[in-house]
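Q: Please choose one part of this structure, its charged side chains, and go through that part closely in one connected account.

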Amino acid sequence: MQPVVLRGVSKSYLLDSVEVRALSDVNVEIFPGRFTVISGASGSGKSTLLNLIGCIDRPSAGSISVDGHDVLAMSDDGLTDFRASHLGFVFQNFNLLPVLTAYENVEYPLILARMPASKRKARVGELLASVGLSDKARHLPGQLSGGQRQRVAIARALATAPRFVMADEPTANLDSGTGRAIIDLMRAIQREHRVSFVFSSHDPQVMAEADDAIRIRDGQVIDVVRREQSSLPIR
Amino acid sequence: MNTLTLALRNLLRNRRRSLATLLAMILGSVAVLVFGGYSSNLVYGLQTGFVQSSGHLQIQRKDYFLFGSGNPTAYGIADYERIVAAIRQDPVMQKLVTVVTPSLQLGGIAGNFSAGVSRTVIGSGVVVTDQNAMLQWNDYHFPTRKTRRAALLGTEDDSVLIGKGVARVLQLCAPLHVEHCAAPAPVARASSSATAMPDDLADLSKSSTVSPVAAPPTRIELLVANPNGAPNVMSVNAVKAVDFGVKELDDVSVVMHLPQAQHLVYGNAAPQATAIVIQLQHTSQIPQAQQRLRQLIEAQFGRDQLEIQDYRTLNPFYGQIVTMFGAMFGFIALLIGAIVLFTVSNTMSMVVVERTMEIGTLRAIGLRRGGIRRLFLCEGLMLGIIGAVLGVLISLLVAALINQSGITWLPPGRVERIPLTVRIWGKDALIAGTALGLIGVAVLSAVWPANRAARMQVVDALRHV
């Protein structure tokens with residue numbers, strides 16, 4: 001398993017015909033098996049950086065390699081398939097499909113990955129059990145609390161056993177107790193499933209948990225702090 | 001969780017909006033089907049009327065159809081009885097025909113000399129029992145309140161039917177008890193000679209009349225030119241004035257027994273017919289019957305002497321009505337299709353806007369652009385299928401209610417009011433065409449919103465509030 005490597009990455013976009021530079025010449029590495037937090041003030045560019053790492057946005061300049069793959073060379077469909085197999089996503093607003101039950105939400109990425117139905121059932125059961133929601137499998141998102149929805153979202157992100165899980169401020173819409181529980185769950189899952197988590201957050205609870213902290217300001221990485229001990233053995 | 005299931009659940013998500021869209025589709029399909037069923041019924045009714053009166057096919061002398069109206073008797077078929085017999089005995093035709101009968105068209109002048117009036121007429125000589133049998137043809141199962149019978153059935157040989165217009169001009173409304181028939185204002189006459197038939201015509205009439213009777217007030221004289229151009233006159237008895245449905249026919253039509261018509265035209269010469277009328281069991285048998293008749297004619301009577309005309313050619317009015325209703329149906333279907341197109345398109349566009357973040361999520365977790373496009377097209381398809389099924393079911397219900405309502409109306413070319421009928425059940429092509437058209441329009445409506453959804457950038461879609 002190889003790291004995410006960004007070299008000379010810049011990102012600009014137009015805001016009412018005014019060019020806004022969201023990221024400027026970013027060089028950073030995200031190592032596998034670690035709990036990485038990208039932190040910074042609102043508008044600093046942390047979400048933009050997370051989107052680029054998660055391959056849902058393309059840079060204006062620079063190169064990005066995820067697990068050894070040059071993602072900028074991929075076609076749109078190729079990149080979509082790559083996301084499906086290598087990356088998971090947890091969103092601030094949970095972003096569950098409201099017409100699908102908790103079970104079906106977790107199952108959906110496996111259907112996209114064309115996993116046989118028999119294997120899917122076992123996999124979804126296992127994932128829901130790992131987030132403590134086996135008894136809520138038939139509930140629609142609207143019937144779940146915020147914390148429960150985020151647990152379903154975490155289970156969905158892990159469904160295809162991705163290398164990296166991108167979490168965009170996953171505790172921002174949760175109270176502190178629930179946020180703490182979610183972070184603990186992610187940490188436990190990270191250890192159990194040997195998956196790398198990349199957060200964008202300015203939640204002190206999340207930042208305190210980080211193995212690696214990337215601080216960003218005005219679109220530039222101002223420092224990277226790495227703990228010496230990694231969270232788990234790299235697979 | 002396949003795409004169709006997901007599409008169906010998404011439709012159920014905003015039930016009120018989906019219902020409003022479905023309602024527009026249902027109303028559209030009901031309008032198309034009810035009008036289609038109504039116009040089908042009208043066309044079947046017209047066809048039934050024409051087939052009952054002039055059959056599906058007619059064998060005529062070559063060029064009679066083009067030139068015979070000027071001088072019908074010059075295009076007589078001399079050996080018509082042999083042709084009729086050949087058709088009746090042919091094993092193929094026996095399975096197809098219900099009636100084979102000769103008829104004679106003639107042109108002349110009808111005069112009521114006691115009133116001093118006359119007018120040009122077009123006469124038909126028919127075999128009344130055959131005509132009666134033809135009137136029983138009802139392949140489309142129209143409700144009949146009473147069994148129709150030929151008006152000349154059981155009448156004397158010299159009896160004739162005349163159109164109400166003929167009766168009016170010949171001042172026979174009172175003796176024939178014609179309702180709503182105004183009598184003309186008295187006209188000052190130059191002489192009193194109008195009260196008596198001219199001696200020369202009286203002599204001609206006496207020589208042509210088989211069984212002269214004491215002149216009742218309904219007695220009229222028919223004057224025709226024989227094939228050689230000489231005049232023949234016959235005194236006949238107008239037993240009834242009938243409404244032929246179209247004023248132009250009403251003003252000129254005279255129907256009489258075939259032998260009498262033949263005697264009037266051909267005198268003591270061999271009788272002829274101007275057409276052999278063939279009524280089939282079903283209209284769909286026309287091509288088969290035509291093919292067989294050509295074989296019979298070519299084998300027995302020579303290929304260049306006779307020709308076969310079908311009821312559409314003989315009655316151009318029928319074709320015009322069919323074309324007119326076809327155009328109206330097409331216009332209505334197009335209009336309703338456009339309304340449905342914009343309604344569904346508007347709904348789908350709103351759905352795409354509302355679910356922008358969901359689209360971003362699906363794309364992020366691995367659904368390709370094609371998958372997004374398929375999802376929204378499936379939603380359009382599901383709307384179309386549900387709308388089409390409900391539309392067909394409700395149309396059948398509406399048609400049943402209309403058919404049971406007892407409302408009657410007077411269609412063109414008919415003389416009696418008929419029940420308002422909408423014929424949808426059994427019209428498989430109409431139902432399938434409308435349903436498939438509606439589904440097609442619904443899918444087409446979803447194409448643009450689906451493409452818009454598929455083209456969204458993931459990150460932009462996820463930022464959507």
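A: Lys and Arg count as positive, Asp and Glu as negative, with His and the chain ends left out; each charge is placed at NZ of Lys, CZ of Arg, CG of Asp or CD of Glu. On that basis chain A carries 27 positive and 26 negative side chains, and the centres of these two sets lie 5 Å apart. This is a predicted model, in which local features need pLDDT of at least 70 and side-chain atom pairs pLDDT 80 or more, while totals for chains, interfaces and linings use all residues. Residues are numbered from 1 along each chain as written, chains are lettered from A and ligands numbered from 1 in written order, and side-chain values use heavy atoms without hydrogens or water.

Taken over all chains, the structure holds 29 salt bridges (a side-chain nitrogen of Lys or Arg within 4 Å of a carboxyl oxygen of Asp or Glu). One of them joins Asp76(A) to Arg363(B), with N and O 2.8 Å apart. This salt bridge runs from one chain to the other, since Asp76(A) belongs to helix α2 of chain A, residues 76-86, and Arg363(B) to helix α14 of chain B, residues 356-364 (helices of at least four residues, H or I, and strands of at least two, E, are DSSP runs numbered from the N terminus). The two partners can be set side by side by their cover: Asp76(A), at 27% relative accessibility, counts as partly exposed, whereas Arg363(B), at 2%, counts as buried (buried is under 20% relative accessible area, exposed over 50%, partly exposed in between, with a 1.4 Å probe and protein chains only).

Helix α2 of chain A takes part in another such pair, in which the side chains of Arg368(B) and Asp81(A) meet in a salt bridge at 2.3 Å, N to O. This pair, too, crosses between chains, with Arg368(B) in the loop between α14 and α15 of chain B and Asp81(A) in helix α2 of chain A. Here Arg368(B) counts as partly exposed at 37% relative accessibility, and Asp81(A) is likewise partly exposed, with a relative accessible area of 31%.

The same helix also has a buried set of residues, namely Leu79(A), Thr80(A), Phe82(A), Arg83(A), Ala84(A) and His86(A). Within chain A these buried residues pack against strands β4 (61-66), β5 (69-70), β6 (87-90) and β7 (164-168), and from chain B they meet α14 and α17 (458-463). Helix α14 of chain B therefore appears both in this packing and as the element that holds Arg363(B).

Other salt bridges stay within one chain. In chain B, Arg219(B) and Asp158(B) form one, with their closest N and O atoms 2.7 Å apart. That pair links distant parts of the chain, as Arg219(B) lies in strand β5 (residues 219-225) and Asp158(B) in the loop between α6 (128-134) and β4 (159-163), 61 residues apart; both residues are buried. In chain A, a network of salt bridges links Arg180(A), Asp184(A), Arg187(A), Glu209(A) and Asp211(A).

As for the setting, chain A has seven helices and ten strands, its C-alpha trace spans about 45 × 40 × 40 Å along the principal axes, and 54% of its 235 residues count as buried. One more charged residue, Arg21(A), sits in strand β2 of chain A, residues 18-30. Leaving aside residues up to four places away in sequence, Arg21(A) touches Ser10(A), Lys11(A) and Ser12(A), where contact means heavy atoms within 4.5 Å.
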